Amino acid sequence: MKTPLLLLLCLALLPLAGCYREPVIEGQYADEYYLRHLDADLPVWVRGNRSSRSFIIFLHGGPGGSAMIDVLSRSLRDVTDAHPVVFYDQRLSGFAHGRRNLDQMSLDQMTEDLNQVIQFVEATYQPESIFLMGHSWGGYLGTAYLLDSLRQQRISGWIEVAGAHNFQLTWQAEIEYVTPIAQQRIAAGEDTAKWQSFLRWVEEHPEISSLEDLLYVNQHAHSVDGKPDTEAAYEFPATFWALTSPFPPTSSQALILEGLENLLLSPGFDAEMARIRTPALLLYGAYDAVVPKALAQHAWDHLGTPDADKRIFIMPQEGHSMWEIEPQLFAQQVRAFIEAYE
């Protein structure tokens, strides 16, 4: 009987699982929990400066991603050096455990889960202020949370990091970003067949009308994301850590996408965003093909936050990950915003 290649790879890597140990940093939290709520166990990791009373709740992307890569990466170290960051994996995502069915996959359920995390942080750490930081899909989830006026009162500031708060606009912005690059690749004779096929597809699909459509566009956006002459700079390869760690493959991204298909094809919160009055920092990347910087101005225009309390900053070197190339500049913007509103 042949041993599956994946099994052989896992067996080969397993002895390396002990090669990395997350460093213990004096004066910083290194707390880990599982928060049980409605048939789900959500992993919660708290990292960062114990002396700060301003906590950041980090909402990972996806949907169906994981905050683990950001916990382990040193690229957010300049943020956690100043403030505690609460990383958690959303329902059915990453290291979260529990029942796996589409009945659990709703925006209402995920915002309720977020509320439970915030209540847990309030009860456990008694922070003086709480900030939400939502990356990509996390930008949509955070926006949805803030639409509730009572929940909004618990949050001192909203940090949207390449946030996809309007999916239809996001998919259109992806096409507009990728199309000239496709034309340039064809002119240069690079992957001609691939990019000609993409341009034909765009002509034949004036609207994104299915999950397959949006995944097709998103795949091509990811393939050109980031500044062409700059390498990503995660200091620690957390993906390798995951491969060499004895954890069960708990993520259910295909199930999540199926359960949220109608949501992902929806226009977004344009009308409702006027109800959000929370101070806001809108951080987007100049070379982000996945959630292009056009979304920053859209958020500014639709948020009900007074102009004096919202700001846009375009990271000049970054693609979609936002903190890989210039982590110190990213942290500088976050820290200045928190200091203004904590």
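Where in the chain does alanine 331 sit? Its place is in helix α14, which covers residues 327–341. Keep in mind that you're looking at a predicted model. Alanine 331 has a relative accessible area of 1%, so it counts as buried, the cut-off being under 20%. Now look at what lies beside it. Setting aside neighbours within four places in sequence, alanine 331 is in contact with Asp78 and Val79. Valine 79 is 252 residues away along the chain, yet the C-alpha atoms of alanine 331 and valine 79 are separated by 5.0 Å.

Let's step back to the whole chain. It has 14 helices and nine strands. Of its 342 residues, 53% count as buried. Take the contacts between residues at least 6 apart in sequence: 78% of them join residues at least 24 apart.

Glycine 163 gives you another case of this kind of contact. You'll find glycine 163 in the loop between β7 (157–161) and α7. Its relative accessibility is 0%, so glycine 163 counts as buried. Leaving out residues up to four places away in sequence, glycine 163 touches Ser136, Gly139, Tyr284, Val291 and Leu295. Leucine 295 is 132 residues from glycine 163 in sequence, while their C-alpha atoms are 7.6 Å apart in space.

Next, follow a helix from end to end. Helix α4 (residues 107–125) has 19 residues and reaches 27 Å from its first C-alpha to its last, close to the 27 Å expected at 1.5 Å a residue. Its buried residues include Leu107, Met110, Thr111, Leu114, Asn115 and Ile118. Why might buried positions in a helix be spaced like that? An α-helix has 3.6 residues a turn, so residues three or four places apart point the same way. Just after α4 comes glutamine 126, whose phi is positive, near 45 degrees.

What does α4 pack against? One partner is helix α5 (residues 137–146): the two axes come within 10 Å and cross at roughly 80 degrees. That crossing makes α4 roughly perpendicular to α5. On the α4 side, the residues that meet α5 are Leu107, Met110, Thr111, Leu114, Asn115 and Ile118. On the α5 side, they are Trp137, Tyr140, Leu141, Ala144 and Tyr145. Sort the residues of this contact by class and you get nine nonpolar, two polar and no charged.

Now move along to helix α9, residues 211–223. At 1.5 Å a residue, its 13 residues should span 18 Å, and its end C-alpha atoms are indeed 18 Å apart. Which residues of α9 are buried? They are Leu211, Asp213, Leu214, Val217, Asn218, His220 and Ala221. The elements covering them include α7 (167–187), α8 (192–204), α11 (253–259) and α12 (261–264).

Two of those covering helices are worth a visit. Start with α7, whose axis comes within 10 Å of the axis of α9 and crosses it at roughly 45 degrees. This angle makes α7 oblique to α9, and the crossing is left-handed. Here Trp171, Glu174, Ile175 and Val178 of α7 meet Leu214, Val217, Asn218, His220 and Ala221 of α9. By class, that contact has six nonpolar, two polar and one charged residues.

Then there's α8. The axes of α8 and α9 come within 12 Å and cross at roughly 140 degrees, which makes α8 oblique to α9. This crossing is left-handed too. The contact is made by Lys194, Trp195, Ser197, Phe198 and Trp201 of α8 with Asp213, Tyr216, Val217, His220 and Ser223 of α9. It has five nonpolar, three polar and two charged residues.

Finish with a few spots in the loops where the backbone is worth checking. Between β3 (54–59) and α2 (68–72) you'll find proline 63, and the peptide bond from glycine 62 to proline 63 is cis, with omega near 0 degrees. Aspartate 39, in the loop between β1 (28–37) and β2 (40–49), has a positive phi near 70 degrees. Leucine 92, in the loop between β4 (85–88) and β5 (97–98), also has a positive phi near 70 degrees. Are these two residues buried or exposed? Aspartate 39 is partly exposed, with a relative accessible area of 45%, whereas leucine 92 is buried at 5%.

Notes
Residues numbered from 1 in each chain as written. Predicted model: local features only at pLDDT ≥ 70, side-chain atom pairs only at ≥ 80, totals over all residues. Heavy atoms only, no water. Helix = DSSP H or I, 4+ residues; strand = E, 2+ residues; numbered from the N terminus. Expected span 1.5 Å × (residues − 1). Buried < 20%, exposed > 50% of the residue type's maximum accessible area, 1.4 Å probe, protein only. Contact = heavy atoms within 4.5 Å. Axes fitted to C-alpha atoms, helices over the stretch in contact; angles between N-to-C directions. Parallel < 35°, antiparallel > 145°, perpendicular 65-115°, else oblique. Nonpolar A, V, L, I, M, F, W, Y, C, P; charged D, E, K, R; others polar. Left-handed = near helix turned anticlockwise from the far one by under 90°.
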